[in-house]
Structure formats: C-alpha cells, structure tokens
Amino acid sequence: MNDSVIKNSLLPNNFSEERFAELCKIGQLKNISKNTNFISQGEVPNKLAYVLKGLFRYVYIHENGNEFTKNIISEKQFISSYSAMIQKTNSYFYIEALEDSQILEFSYTDWMQLRLGDSYWDVFLFKILEKAFCAKEKRERELLMLDAKTRYLNFLDDFPDLNHRIPQHIIASYLGIQPESLSRILKKHKT
C-alpha cells in the first residue's frame, strides 16, 4: 500500500503513522459496496478490517426476517466477528456496509504474526477490546433500563454525525423499537 493512502486515510486516535504503516504492510485496500456483507452470518471468519471510509452495522437476522442491529461502526474503527474468528466458529451476525466503503482488510493469520512480532500490538488490541467492552456494557444498560426516547437521544449523542447517514428503520432496529415508534419519537422531538 502506498504512502498516499496512509496520509489520506483516517489514522486511529493515538496511532502513529509508522504503526499504521506496519498494519498497512499486512493489509489490502478494498472497496465494499453499500448493502454488501463483509462477513455473513454462518461464515467462519478469518479476516478483520480497519474502516477508512464508510459505515457498517453488525446485524442479526432472525429466521422470520426481523433485523436486530447490534452495533454501528464508522470510520477509524475495526470491524470483525472477533469471537467467531478466534474460536473458529460460525459468526452469529452479518457485518453489512451501509454506504459504499473503503477498508484495509487483513487476515487473522497475518494479524497474529504481527502481534507475535511486537508486544505493542497486544497492548493495542487490549485497548480496543476495553473500549468495545465499555460500549457493550453501556448499550446493554440502555436497552434494559432506558425508555425508547432516551435511547434515541443517547443515539444522537453517541453518533452525532450519523443520524442522516443511516435509514430510520436501521436506527429503530438499533434502538430495539419498531420504525413506527421511532416516527412518533421523531415527531415529538421536532416539536
């Protein structure tokens, strides 16, 4: 991958250009079209990626067709079905592109070799997992303890620039409510 990609990409917070260049050496730049899956439910994943541009969601799809959006991932974040990848089991969810996106994709094998070669990457992974754990704990609390309107207001705080990039039915799915309920909240919120 060339230097212009690094300079023009969105570097992770607290991530030097040199460290990102190390990651780029094991990665492949890929474009993913809107509505395309990076990982599919039932697939045993062997890859992860860093989102340079675009938007993704982790989504469970019930056999009856109902969708449950587990998470929304934007630029400067990693996407992976990590537990399925490390356990070599089927992914329980899809990772779907919500926009035309550009990622830096790398294999789990190459990622493990990078980690084995430098303890920096273990610390880096630990920080990512800590952040993900805190977000998961916050989300679980909100789904269990807060009403739909408060969850929507928290969504606006958590994702201030994404409200107009995500279709309303997906926002409703993320909030754990029906699209009609979100429409009522939006009407009341505008007044």
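# Helix packing and sheet pairing in a predicted model

In this predicted model, helices α5 and α6 are roughly antiparallel to each other, because their axes cross at roughly 155° and an angle over 145 degrees counts as roughly antiparallel. The briefing begins with that helix pair and the contact of α6 with α7, then turns to two open sheets, each of 4 strands with antiparallel pairing, and to the helices α2 and α4. It closes with the aromatic pairs, of which the structure holds 16.

**Helices α5, α6 and α7**

- The axes of helix α5, which spans residues 120-145, and helix α6, which spans residues 148-158, come within 10 Å of each other.
- On the α5 side the contact involves Lys138, Glu142 and Leu143, and these meet Arg151, Asn154 and Asp158 in α6; by class, the residues of this contact divide into 4 charged, 1 polar and 1 nonpolar.
- Helix α6 also packs with helix α7 (residues 168-175), the two axes coming within 10 Å and crossing at roughly 115°, which makes α6 roughly perpendicular to α7.
- The contact between these two helices is made by Arg151, Tyr152 and Phe155 of α6 together with Ile171, Tyr174 and Leu175 of α7, and by class it has 5 nonpolar residues, 1 charged residue and no polar ones.
- The crossing in which α6 passes α7 is right-handed.
- Arg151 of α6 takes part in the contact with α5 and also in the contact with α7.

**The sheet β2-β7-β4-β5**

- Strands β2, β7, β4 and β5 form an open sheet in that order, with antiparallel pairing, and its edge strands are β2 (37-39) and β5 (67-73), each of which pairs on one side only.
- When direction is ignored, neighbouring strands of this sheet are turned by 35° against each other on average.
- Strand β4 (residues 56-61) is joined to strand β7 (residues 94-97) by 4 bridges, the two strands running antiparallel, and within this pairing Tyr58 has Ile95 of β7 as its bridge partner.
- Strand β4 also pairs with β5 in the antiparallel sense, over 6 bridges; here Ile61 stands opposite Glu67 in β5, while the bridge partner of Tyr60 in β5 is Phe68.
- The hairpin of β4 and β5 has 5 residues between the strands, and in this hairpin Gly65 takes a positive phi near 95°.

**The sheet β1-β8-β3-β6**

- A further open sheet of 4 strands has the order β1-β8-β3-β6, and its pairing is likewise antiparallel.
- The edges of this sheet are held by β1 (28-32) and β6 (78-79), and because each has a single partner strand, one side of each is left without a neighbour in the sheet.
- Strand β1 pairs with strand β8 (residues 101-107) in the antiparallel sense over 5 bridges, and in this region Ile32 stands opposite Ser101 in β8.
- Helix α2 packs on the sheet, touching β1, β3 (47-53), β6 and β8, and the direction of α2 makes about 75° with that of β8.
- Helix α4 lies across β3 and β8, and it runs at about 70° to β8.

**The pairing of α2 with α4**

- Helices α2 (residues 17-26) and α4 (residues 108-117) pack against each other at an angle of about 140°, with their axes 10 Å apart, and the two helices are therefore oblique to each other.
- The crossing in which α2 passes α4 is right-handed.
- In this contact Glu22, Leu23 and Ile26 of α2 meet Asp110, Trp111 and Leu114 of α4; by class, the contact has 4 nonpolar and 2 charged residues, and no polar ones.

**Aromatic pairs**

- Among the 16 aromatic pairs of the structure is that of Tyr50 and Phe78, whose ring centres lie 5.1 Å apart and whose planes stand at 55°, so the pair is tilted.
- This pair links distant parts of the chain, since Tyr50 lies in strand β3 and Phe78 in strand β6, 28 residues apart.
- Strands β3 and β6, which carry the two rings, are next to each other in the order β1-β8-β3-β6, and helix α2 touches both β3 and β6 where it packs on that sheet.

Terms used:
Residues are numbered from 1 along each chain as its sequence is written. This is a predicted model: local features need pLDDT of at least 70, side-chain atom pairs count only at pLDDT 80 or more; totals for chains, interfaces and linings use all residues. Side-chain values use heavy atoms; hydrogens and water are left out. Axes are lines fitted to C-alpha atoms, for helices over the stretch in contact, and angles run from 0 to 180 degrees between N-to-C directions. Angles under 35 degrees count as roughly parallel, over 145 as roughly antiparallel, 65 to 115 as roughly perpendicular and the rest as oblique. A crossing is left-handed if the near helix is turned anticlockwise from the far one by less than a right angle, and right-handed if clockwise. Contact means heavy atoms within 4.5 Å. Ala, Val, Leu, Ile, Met, Phe, Trp, Tyr, Cys and Pro count as nonpolar, Asp, Glu, Lys and Arg as charged, and the others, Gly among them, as polar. Two strands pair if DSSP finds at least two bridges between them. Rings of Phe, Tyr and Trp (its six-membered ring) pair if their centres lie within 6.5 Å; planes under 30 degrees apart count as stacked, over 60 as edge-to-face and the rest as tilted.
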